[in-house]
Amino acid sequence: MGVPPAGFTDKLWRLTTALRPRTMDFWLYYAPKNGAGPHQLRVCDRTGYDFARLTWRTCAQCRRGHIMKIRVTGEWQRQGYGTRMILRAMRDLESYTWTTTPQFEDGQRFFPALSTTVGTGFPVAPACTHASHGGGFTRPRLEGRPDTPWPGPPTCRR
């Protein structure tokens, strides 16, 4: 067993994984402390390693969402994790204008493809000036894995 995710003791992480013996990925939501600052979503394997992470901010006053950082580790890429994380961040905020930061090479390819899937663009822009830096995150909340946002690639039938 590896190091448990932030906000979990070894004992609590072992209990969490033991109670879900068939779960291969655990979705952890970290809300901003005091309601201000960034939100974070981490997807961890059974060892506690967070192989996918999304950090974003929202502003109700501007009706904007801003993707600060997205990462999906190599072997887990192209399995829908990035899209699921973005859709989770956008949940109930679909009418917001969403922007992102300049991304590394993988992100530069990901966001144009994602725009087609979700029907909104993610132009590179700074976060609004109302978005507070906040003071960290609350204890994580375990969430269920979001449904697949599309039927997925065609399968071969013999």
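**Entry 1: Arg-88 and Glu-143**

I began with the contact between Arg-88 and Glu-143 in this predicted model. The two side chains form a salt bridge, with 2.8 Å from N to O. I then looked up where each partner sits: Arg-88 belongs to helix α2 and Glu-143 to strand β6, so the salt bridge ties together parts that are 55 residues apart in sequence. Are the two partners buried or exposed? Arg-88 has a relative accessible area of 10% and is buried. Glu-143 is likewise listed as buried, at 14% relative accessibility.

I next checked Glu-143 for a further partner and found Arg-141, with the closest N and O atoms 2.7 Å apart. Arg-141 is partly exposed, its relative accessibility being 44%. Glu-143 therefore has one salt-bridge partner that is buried, Arg-88, and one that is partly exposed, Arg-141.

**Entry 2: The network at Asp-50**

I searched the whole structure for salt bridges and obtained five. Which residues are joined through shared partners? Asp-50, Arg-53 and Arg-71 form one network of this kind. Within this network I looked up the pair Asp-50 and Arg-53, whose closest N and O atoms are 2.3 Å apart. Asp-50 counts as buried at 13% relative accessibility, whereas Arg-53 counts as partly exposed at 27%.

I also recorded the backbone setting of Asp-50. In β3, Asp-50 stands opposite Cys-44. The strands concerned are β2, covering residues 39-44, and β3, covering residues 50-59; they pair in the antiparallel sense over six bridges.

**Entry 3: The sheet**

I then traced the sheet as a whole. Six strands make up an open sheet, and the pairing is mixed. In what order do the strands lie? I read the order as β5-β4-β3-β2-β1-β6. The edges are formed by β5 (97-100) and β6 (141-143), each of which pairs on one side only. From one strand to the next, the twist averages 25°. I noted that β6, an edge strand, is also the strand that holds Glu-143 of the first entry.

**Entry 4: The helices against the sheet**

I looked up which strands each helix lies across. Helix α1, residues 10-18, lies across β1 (26-30), β2 and β6. The direction of α1 is at about 135° to β1. Helix α2, residues 81-90, lies across β1, β2, β3, β4 (64-72), β5 and β6. Helix α2 runs at about 30° to β3. The salt bridge between Arg-88 and Glu-143 links this helix to β6, one of the strands that α2 lies across.

**Entry 5: Positive phi values**

Finally, I checked the backbone for unusual phi angles. Most residues other than glycine have a negative phi. I recorded two residues with a positive value, Arg-63 and Asp-92.

Phi of Arg-63 is near 55°. Where does Arg-63 lie? Arg-63 is in the loop between β3 and β4. With a relative accessible area of 42%, Arg-63 is partly exposed.

Phi of Asp-92 is near 65°, and this residue is found in the loop between α2 and β5. I compared the relative accessibility of Asp-92, 65%, with the cut-off of over 50% for an exposed residue. Asp-92 therefore counts as exposed.

Definitions and conventions: Residues numbered from 1 in each chain as written. Predicted model: local features only at pLDDT ≥ 70, side-chain atom pairs only at ≥ 80, totals over all residues. Heavy atoms only, no water. Pairing = 2+ DSSP bridges. Helix = DSSP H or I, 4+ residues; strand = E, 2+ residues; numbered from the N terminus. Axes fitted to C-alpha atoms, helices over the stretch in contact; angles between N-to-C directions. Contact = heavy atoms within 4.5 Å. Buried < 20%, exposed > 50% of the residue type's maximum accessible area, 1.4 Å probe, protein only. Salt bridge = Lys/Arg side-chain N within 4 Å of Asp/Glu carboxyl O.
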